[in-house]
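Colleague: Please take a close look at one part of this model and describe its surroundings. I should then like to see how the helices and charged pairs elsewhere in the chain are arranged.

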Amino acid sequence: MSLKIQNSISGTKEVFQPIHEGRIGMYVCGPTVYSDVHIGNCRTFVSFDIIYRYLMYLGYKVRYVRNITDVGHLEGDADSNAEDKISKKARLEQIEPMEIVQRYSNGFHDIMRRFNTLEPSIEPRATGHILEQIEMVEEIIKRGYGYEANGSVYFDTNKLIQEADIYGKLSGRKVEDLLVETRDLKNQGEKRHPSDFAIWIKADERHLLRWNAPWSDGFPGWHLECSVMSTKYLGERFDIHGGGNDLKFPHHENEIAQNYGACGNTPANYWIHSNMLLLNGKKMSKSDGNNITPTELFTGDSDHISKAYSPMVLRFFFLQAHYGSTLDLNDTSLQAAEKGYQRLMEAYKTLLELSSANPKSDSPVAIEIEQTIQAAVEEMNDDFNTPKALARLFELIPTINKLSDGQLNVDDAGQYALDLAKKGFEDLLFVVFGLKKETEDHNGHMDQLDGLMKLVIDMRQQARENKDWPTSDKIRDTLNEIKIDLKDGKDGTSWALKA
RNA sequence: GGUCGGGUGGCCGAGCGGCUAGGCAGAGGUCUGCAAAACCUCGUACAGCGGUUCGAAUCCGCUUCCGACCUCCA
C-alpha cells in the first residue's frame, strides 16, 4: 500500500505522489518568537516531526523547511494601527527586538530538543529575507495583484477572485462573503476591498523593526515571509505545506494568493493541517490565558495537573491521537499515557533480553510478529495514523511477556522472530515515533547507580534469607521514599526510578 | 449570525456500511514473608429520533449538545 495523505485543499485523502522521484520538499509554518511556546505549538511541531521522520523512513530524501517568524506578525486587527508583536514586546521591555527574538528562539529550540524533534533542514527567519520579500512585493505589484496606498502595499484579492478560482478554497470560504466583509476595522480606507491584506506596512513612529523599501520605511506583512521562504528554498511548486489548523485562514489562504500573484501558481500539492490541542475542552491559546507551558508540564507546576510529566510521556500522549483530531489535555489522560508509555518501553526492554539458539523463521510467533509489525507500518501509510500503529505494537506486548516468562517457548519462536520484533519496535518507537529511553538522560551516572543498587539489593536479599523482615522492609521503604521502586520477581529483585 | 468539524464503553482515543482497535481505570487470577510491581484473563460502547439497506457507530434527514474558523494564535 502506498502513502495516503489527507489533503486539506481537496478535502480528501489522496495517494501521495512527489514532484521529483524520491525527494520531498516540505514547508511547515513555525512559531512567532515573541513569547514562550505553549504546549499546543509543541503538539503541532511534534506531529510534523513524526511526518518528517516517517517520510525519511520510507526512503525519501526530505528537505524540511520550518521558519521562524520574527517580524510582521501584528497584534490586534491586521492592517490597522496594530503593532508588530515582537516590536511591541521589545518596546515594553526596553530591549532590542532581536533580543526578544533570540531569547524566545532559544527557548523554542530547547523545548523542541526535549521533545526529541529533529531539526528542520533549513530554519529561515523572516528578518533574514527582507530583500526577497521586497522583491516579491514588487513582483506582485508588477503583475497587477498589488497596489500601494499611503506607503503600504495591499494584495488585491478581488483581482485574484476575478481571474482564478483559488482564493477561499483551502479554508472553504465563499468569496462573496469575503468581499463584503462588514467588520469595522480601522484603515479600511486604504484598502480597495475588505478582504485585501497588507503585504508591506508603513511603520509608524513606535515601530522598532523597519526597513527601507520603495514604498516606505516599513516592514513586511505577516503572510509574505512564508511565500518568500518556501519559494526560495523549495521552489515555486513543492510537495507538502503544513501548519496548524488555525492558520488555514487567513494565513495560508493569503500565502496561496501571494504565490499566485508573484509566480502564477499555487505553491504546494498537499496541505496538511494538524488539529488543536485543547485544555479543559477549549482551544489553548497564548492570548487568552487558557494554556499550560511545556515547562510547567515538565515540572508539574500548574493547577491543571497533579504531577510532573516528562517530555516523552507528552510525546506518547500526542501519538495516541491522530494529528488531524483535536486532543484534550487533562491530568487523567496524562496519567494514563504515562502508564501506557512505561509499559511499552518496559516490553521493549524485555524484548532486548530475549534470545534463542534456534534460527528458524516460520514459527507461528514469527508469523504473528511479522504481520503485526507490517500492519503497524501500513497504519502509518494511512495518513500517518499513529494511534493505530501504536495499537499494533501494544498487541505484541502479551506475546513478548509470554516469551519472557516461559508461557511461550523462546526456542519454538526462534531468533528470527525476536529479531523481527526488535527491528520493528526500534524502527517504530525510535526512528518514526521519535521516542527515546529517558533513563539515558541521567548524565551518565546510570552505571554507578546501577552498581550501587546491585549492592543494596544484594544486602536486602541476605536480610530476607535470614527472615530479617524489619531490615528488608526498611531498605525497600526508604528507597521508595527517594523514588526508587524495588520489584521482587521470580528471578530476583530489580529496580526502577519512579516517574 | 455564517462556514466547517465533532458527540464512541467509567475516562482518553481509533474505526467511518458486515470482521465489533489500543491505552488507562476496574474485576478475577499467578507470583510474593507481607506488600508493591510485573504478568495472564475479562469489556459488544457508539447523543436522541426517524429513514435507506439483507445488514449502520459508520450513509441520509431532523433534533440536541460541544468545539474550531470567520479577528492575532500551532
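Modeller: Contact here means heavy atoms within 4.5 Å of each other. This is a predicted model, in which local features need pLDDT of at least 70 and side-chain atom pairs count only at pLDDT 80 or more, while totals for chains, interfaces and linings use all residues. Residues are numbered from 1 along each chain as its sequence is written, chains are lettered from A and ligands numbered from 1 in the order in which they are written, and side-chain values use heavy atoms, with hydrogens and water left out.

The part I have chosen is His251. Leaving aside residues up to four places away in sequence, His251 touches Cys29, Trp222, His223 and Cys226. His251 belongs to helix H8, residues 248-263; helices (H or I, at least four residues) and strands (E, at least two) are DSSP runs, numbered from the N terminus. With a relative accessibility of 1%, His251 counts as buried, a term for residues under 20% relative accessible area, as against exposed for those over 50% and partly exposed for those in between (1.4 Å probe, protein chains only). Among the neighbours, His223 has a further link: its side chain makes a polar contact of 2.9 Å with the side chain of His251. A polar contact is a pair of N or O atoms within 3.5 Å; within protein, one must be able to donate a hydrogen and the other to accept it, and residues adjacent in sequence count only if both atoms are side-chain atoms.

From His223 and Cys226 one may turn to helix H7, residues 224-234, which packs against helix H4, residues 130-142, at an angle of about 100 degrees, the axes being 9 Å apart. That angle makes H4 roughly perpendicular to H7. Axes are lines fitted to C-alpha atoms, for helices over the stretch in contact, and angles run from 0 to 180 degrees between N-to-C directions; those under 35 degrees count as roughly parallel, over 145 as roughly antiparallel, 65 to 115 as roughly perpendicular and the rest as oblique. On the H4 side the meeting residues are Glu132, Gln133, Met136, Val137 and Ile140, and on the H7 side Leu224, Glu225, Ser227, Val228, Thr231 and Lys232. By class, this contact has 5 nonpolar, 3 polar and 3 charged residues, where Ala, Val, Leu, Ile, Met, Phe, Trp, Tyr, Cys and Pro count as nonpolar, Asp, Glu, Lys and Arg as charged, and the others, Gly among them, as polar.

A second helix pair joins H1 (residues 39-57) to H10 (residues 311-319), with an angle of about 70 degrees and axes 10 Å apart. H1 and H10 are therefore roughly perpendicular. H1 contributes Ile39, Cys42, Arg43, Val46, Asp49, Ile50 and Arg53 to the contact, and H10 contributes Leu314, Arg315, Phe318 and Leu319. These residues divide into 7 nonpolar, no polar and 4 charged.

Within H1, Arg53 forms a salt bridge with Asp49, with the closest N and O atoms 2.8 Å apart; a salt bridge is a side-chain nitrogen of Lys or Arg within 4 Å of a carboxyl oxygen of Asp or Glu. The two residues are 4 apart in the helix, about one turn, and both are buried. The same spacing of 4 residues, about one turn, separates Asp427 and Lys423 in helix H15, residues 415-432. Their closest N and O atoms are 2.6 Å apart in a salt bridge, and Asp427 is buried at 14% relative accessible area. Elsewhere, bridges that share partners join Glu379, Lys388, Arg392 and Glu395 into one network. Arg210 and Asp217 form a salt bridge at 3.0 Å; Arg210 is partly exposed at 29%, and Asp217 is partly exposed at 31%. The count for the model comes to 24 salt bridges.

Helix H2, residues 85-93, has Lys85, Ile86, Ser87 and Ala90 as its buried residues, and their cover includes strand E5 (74-75), strand E6 (83-84) and helix H3 (97-114). Asp84 caps the N-terminal end of H2, a side-chain oxygen lying 2.9 Å from the backbone nitrogen of Ile86. Just after H2, Gln94 takes a positive phi of about 55 degrees.

For the chain as a whole, chain A has 17 helices and 18 strands, and buried residues make up 53% of its 499 residues.
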